[in-house]
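Colleague: Could you take me through one part of this model, the surroundings of the ligand?

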Amino acid sequence: MLDNANTELDLDTWSRDGLLVVDDVLSATELEQLQQWVLELENRPGTTDQLLQYNETTVDGSIRRCRTENFLPYHDGLRALLTVGRIPEIAGTLLGQKAVLYKEKINYKAPGGSGFAAHQDAPAYPYVSNTIACMIAVDDSTLDNGCLEVARRKHAAQLPTDTRGCVEPAVAQTLEWEPLPVAAGSLVFFHCYVPHRSGPNSSDSTRRAIYLTYNGESDGRLRESYYAKRIHDLADHPDQLSLIGHFAGAAKPAASSSDEEQS
Ligand SMILES: O=C(O)CCC(=O)C(=O)O
């Protein structure tokens with residue numbers, strides 16, 4: 001997968017904005033395969049400390065999958081795609097050294113599913129200060145279904161945070177927010193200080209996106225430490241999807257058969 005991509009990266013945009021959209025990496029066949037893999041993962045049962053699944057209650061009261069985490073050990077195809085080849089190579093070019101995966105997640109955002117408050121990723125990621133995210137649009141990401149919204153050129157430092165670890169609302173209000181709709185198959189790379197947020201899904205179809213976080217190899221292989229801390233810390237905060245409280249909805253771990261009911 002991805003061997004055919006020969007993308008010229010716009011490094012000026014990357015350093016100016018902290019953000020880069022790369023459109024021509026996945027072929028149509030590769031995208032179809034990815035969509036199938038994501039569907040397979042969505043339907044697997046969750047556990048308390050291995051494959052992590054989360055559901056949310058959407059506006060109409062139905063319980064829908066909202067997030068999968070820590071799937072790398074449990075899916076050979078995705079493990080290969082996300083750790084070898086073009087995607088980590090692009091991340092490495094942007095980081096200036098070999099990129100290693102810090103964490104991986106899928107956000108599903110079903111119809112009526114919730115968005116995310118304005119935040120920077122850095123406070124959610126212990127043990128490391130420099131990471132970049134790669135969002136892979138599994139479905140078209142649109143204004144109606146809650147695409148990412150970003151503030152460009154604000155990636156130099158941590159902004160003031162509130163008690164949730166999100167950008168202080170008074171500061172968030174002063175930022176220039178730009179919706180970033182992208183077609184399925186697009187990759188969006190962004191630095192861990194890029195402020196971002198998203199709205200709810202007001203369309204009638206699900207908007208899936210994979211989010212990968214990479215760090216430079218010189219900072220270490222931190223993925224297992226991250227997931228150990230996450231599992232430990234979130235045991236006391238079962239309504240949170242992350243080490244920061246950025247999710248606007250009502251989330252719940254789906255780790256037993258009674259929680260697996262999908263509507
Ligand atoms: O998927 C989205 O709408 C935004 C997700 C996000 O910012 C996050 O999961 O940290």
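Colleague: How many Å is an oxygen atom of the ligand from an N or O atom in the side chain of tyrosine 211?

Modeller: Happy to help! This is a predicted model, where local features need pLDDT of at least 70, side-chain atom pairs count only at pLDDT 80 or more, and totals for chains, interfaces and linings use all residues. Residues are numbered from 1 along each chain as its sequence is written, and side-chain values use heavy atoms, with hydrogens and water left out.

For tyrosine 211 the distance is 2.9 Å, which counts as a polar contact (a pair of N or O atoms within 3.5 Å). Asparagine 107 also places a side-chain N or O atom 3.0 Å from a ligand oxygen, and for a polar side-chain atom of histidine 246 the distance to an oxygen atom of the ligand is 3.1 Å. The protein buries 99% of the 290 Å² that the ligand exposes when taken alone (Shrake-Rupley areas with a 1.4 Å probe).

Around the ligand there are 13 residues, each with a heavy atom within 4 Å of it. Those that come nearest are Arg67, Lys109, Ser198, Arg207 and Tyr211. By class, this shell has 6 polar, 4 charged and 3 nonpolar residues; here Asp, Glu, Lys and Arg count as charged, Ala, Val, Leu, Ile, Met, Phe, Trp, Tyr, Cys and Pro as nonpolar, and the others, Gly among them, as polar.

Methods. A polar contact is a pair of N or O atoms within 3.5 Å; within protein, one must be able to donate a hydrogen and the other to accept it, and residues adjacent in sequence count only if both atoms are side-chain atoms.
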